[in-house]
Amino acid sequence: HLGCCWLEPNAWLIVSTMPAVSRASETGLLATTISDRLISFRLSGPMAAQVIAAGCDADIVKTGACARTRFAEFATVLIQRWGDNDYRLLLDVGIARSFAGWLLDAGRNFK
């Protein structure tokens with residue numbers, strides 16, 4: 001339920017499918033929030049892989065792993081795949097509104 005992704009030198013992103021992680025004193029890890037930097041979108045359901053495929057190669061990331069890629073000509077996006085039809089996309093907060101609009105438009109194409 002817990003993993004991490006390397007973002008850049010000296011920066012790792014802790015990812016989890018659980019609502020909370022253990023305190024640093026229990027794990028030996030120090031976690032610092034970067035919520036002002038990244039925003040997360042979760043795509044799930046029978047059409048999630050098709051929406052992902054509209055922005056990049058959906059097979060770039062295997063279940064239980066993360067990958068960084070250029071997505072729909074927006075910017076670099078970190079994709080975490082939790083299951084066959086369950087994804088989380090993390091990207092810079094500055095393009096969140098435009099990206100949300102793109103996701104809505106792409107989703108409408110698969111109704």
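Which residue in S5 is the bridge partner of Thr69? Keep that one in mind; Exercise 1 gets to it.

A word on the ground rules. This is a predicted model, where local features need pLDDT of at least 70, side-chain atom pairs count only at pLDDT 80 or more, and totals for chains, interfaces and linings use all residues. Residues are numbered from 1 along each chain as its sequence is written, and side-chain values use heavy atoms, with hydrogens and water left out.

**Exercise 1. Lay out the elements and work out how strands S3, S4, S5 and S6 pair.**

Step 1: Start with the elements. Helices (H or I, at least four residues) and strands (E, at least two) are DSSP runs, numbered from the N terminus. The chain has three helices and six strands, and from the N terminus on they run β-β-α-β-α-β-β-β-α.

Step 2: Go through the pairs; two strands pair if DSSP finds at least two bridges between them. S4 and S5 run antiparallel, joined by six bridges, and here is the opening answer: Thr69 has Val77 in S5 as its bridge partner.

Step 3: Carry on to S6. S5 and S6 are antiparallel too, with five bridges, and Gly83 stands opposite Asp86 in S6. S3 pairs with S6 in the antiparallel sense over seven bridges; in that strand, Arg88 is the bridge partner of Arg42.

Step 4: Check the turns. S5 and S6 make a hairpin with two residues between them, while the S4 and S5 hairpin has three. Ala72 sits in the loop between S4 and S5, and has a positive phi of about 50° although it is not a glycine.

**Exercise 2. Find the largest nonpolar core and say which elements build it.**

Step 1: Pin down the terms. A nonpolar core is a set of buried Ala, Val, Leu, Ile, Met, Phe, Trp, Tyr and Cys residues joined through side-chain atoms within 4.5 Å. Buried means under 20% relative accessible area, exposed over 50%, and partly exposed in between (1.4 Å probe, protein chains only).

Step 2: Read off the core. The largest one has 19 residues, and those with the most contacts inside it are Leu43, Ile52, Phe71, Ile79, Leu89 and Phe99. The elements giving two or more residues are S3 (38–44), H2 (48–55), S4 (66–71), S5 (75–83), S6 (86–92) and H3 (96–108). H3 gives the most, with four residues.

Step 3: Zoom in on Phe71. Contact means heavy atoms within 4.5 Å. Leaving aside neighbours within four places in sequence, Phe71 touches Val51, Ile52, Gly55, Cys56, Val77, Ile79, Leu89, Phe99 and Trp102.

Step 4: Look at cover. In S6, six of the seven residues are buried. Over in H3 you'll find Ala106, which counts as buried at 5% relative accessibility. Ala106 and Val51 are 55 residues apart in sequence but 6.0 Å apart in space, C-alpha to C-alpha.

Step 5: Zoom out to the chain. Of its 111 residues, 32% count as buried. Among contacts with a separation of 6 or more, 47% come from residues 24 or more positions apart.

**Exercise 3. Sort out the aromatic rings and classify the pair Phe99 and Trp102.**

Step 1: Set the rule. Rings of Phe, Tyr and Trp (its six-membered ring) pair if their centres lie within 6.5 Å; planes under 30 degrees apart count as stacked, over 60 as edge-to-face and the rest as tilted.

Step 2: Count. That rule yields four aromatic pairs. Phe99 and Trp102 have ring centres 6.3 Å apart and planes at 20°, so this pair is stacked.

Step 3: Place the residues. Both lie in helix H3, three residues apart, about one turn of the helix. Phe99 is buried, with a relative accessible area of 0%.

Step 4: Join things up. Ring pairs link Phe41, Phe71, Phe99 and Trp102 into a cluster.

**Exercise 4. Is Gln80 buried or exposed, and which side chains does it join by polar contacts?**

Step 1: Locate Gln80: strand S5. At 7% relative accessibility, Gln80 counts as buried.

Step 2: Get the definition straight. A polar contact is a pair of N or O atoms within 3.5 Å; within protein, one must be able to donate a hydrogen and the other to accept it, and residues adjacent in sequence count only if both atoms are side-chain atoms.

Step 3: List the partners. The Gln80 side chain has a polar contact of 2.8 Å with that of Trp82, and one of 2.6 Å with that of Arg88.
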